Amino acid sequence: MPIYEYRCEACGAQKEHLQKMSDDPIAQCPACGSSQYSKQLSAAGFQLKGNGWYVTDFKNGSGPSCGGGGGCGSGGCA
Ligand SMILES: [Zn+2]
């Protein structure tokens with residue numbers, strides 16, 4: 001399950017939320033209640049996603065060209 005980082009434009013609060021891909025984005029800041037609460041593209045989320053793709057592609061034997069190297073570890077091929 002990916003972790004999404006949210007940031008509130010109104011009060012500056014930042015928080016990570018564990019959500020399913022199918023879940024609706026959180027639209028209200030838990031700190032101040034503002035609706036200016038938006039999802040960020042966090043490094044944590046990217047890394048989880050990248051690892052998932054890497055494992056799946058590796059099993060299928062039809063992954064991207066970086067399948068054999070360590071390139072995916074740094075998130076470079078996401
Ligand atoms: Zn807020």
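Strand S1 (residues 3-8) and strand S3 run antiparallel and are joined by 4 bridges; strands here are DSSP runs of E with at least two residues, helices are runs of H or I with at least four, and both are numbered from the N terminus. On this S1-S3 side, Arg7 has Ser38 as its bridge partner in S3. S1 also runs antiparallel to S2, with 5 bridges between the two, and here Arg7 finds its bridge partner in Gln14 of S2. Two strands are taken as paired if DSSP finds at least two bridges between them.

It helps to say at this point what kind of model is being described. The structure is predicted, so local features need pLDDT of at least 70 and side-chain atom pairs count only at pLDDT 80 or more, whereas totals for chains, interfaces and linings use all residues. Residue numbers start from 1 along each chain as its sequence is written.

Put together, the pairings give an open sheet of 3 strands in the order S2-S1-S3, with antiparallel pairing. Strand S2 (14-18) and strand S3 (37-40) stand at the edges with a single partner strand each, so one side of each has no neighbour in the sheet. From one strand to the next, the twist averages 35 degrees, where axes are lines fitted to C-alpha atoms (for helices, over the stretch in contact) and angles between N-to-C directions run from 0 to 180 degrees. The chain as a whole holds 1 helix and 3 strands, and its pattern along the sequence is β-β-β-α.

The side chains of S1 alternate: Tyr4, Tyr6 and Cys8 point to one face and are buried, while Ile3, Glu5 and Arg7 point to the other and are not. A residue counts as buried if 20 or more other C-beta atoms lie within 10 Å of its own, as exposed if 12 or fewer do, and as partly exposed in between, with C-beta atoms placed from the backbone. By this criterion, 8% of the 78 residues of the chain are buried.

Turning to the connections, S1 and S2 form a hairpin with 5 residues between them, and Gly12 in the turn has a positive phi of about 85 degrees. Lys20 lies in the loop between S2 and S3; Lys20 counts as exposed because it has 8 C-beta neighbours inside 10 Å. The C-alpha atoms of Lys20 and Tyr4 are 9.6 Å apart in space, with 16 residues separating the two in sequence.

Finally, among contacts in the chain with a separation of 6 or more, 43% are between residues 24 or more positions apart, a contact being two C-beta atoms, placed from the backbone, within 7 Å.
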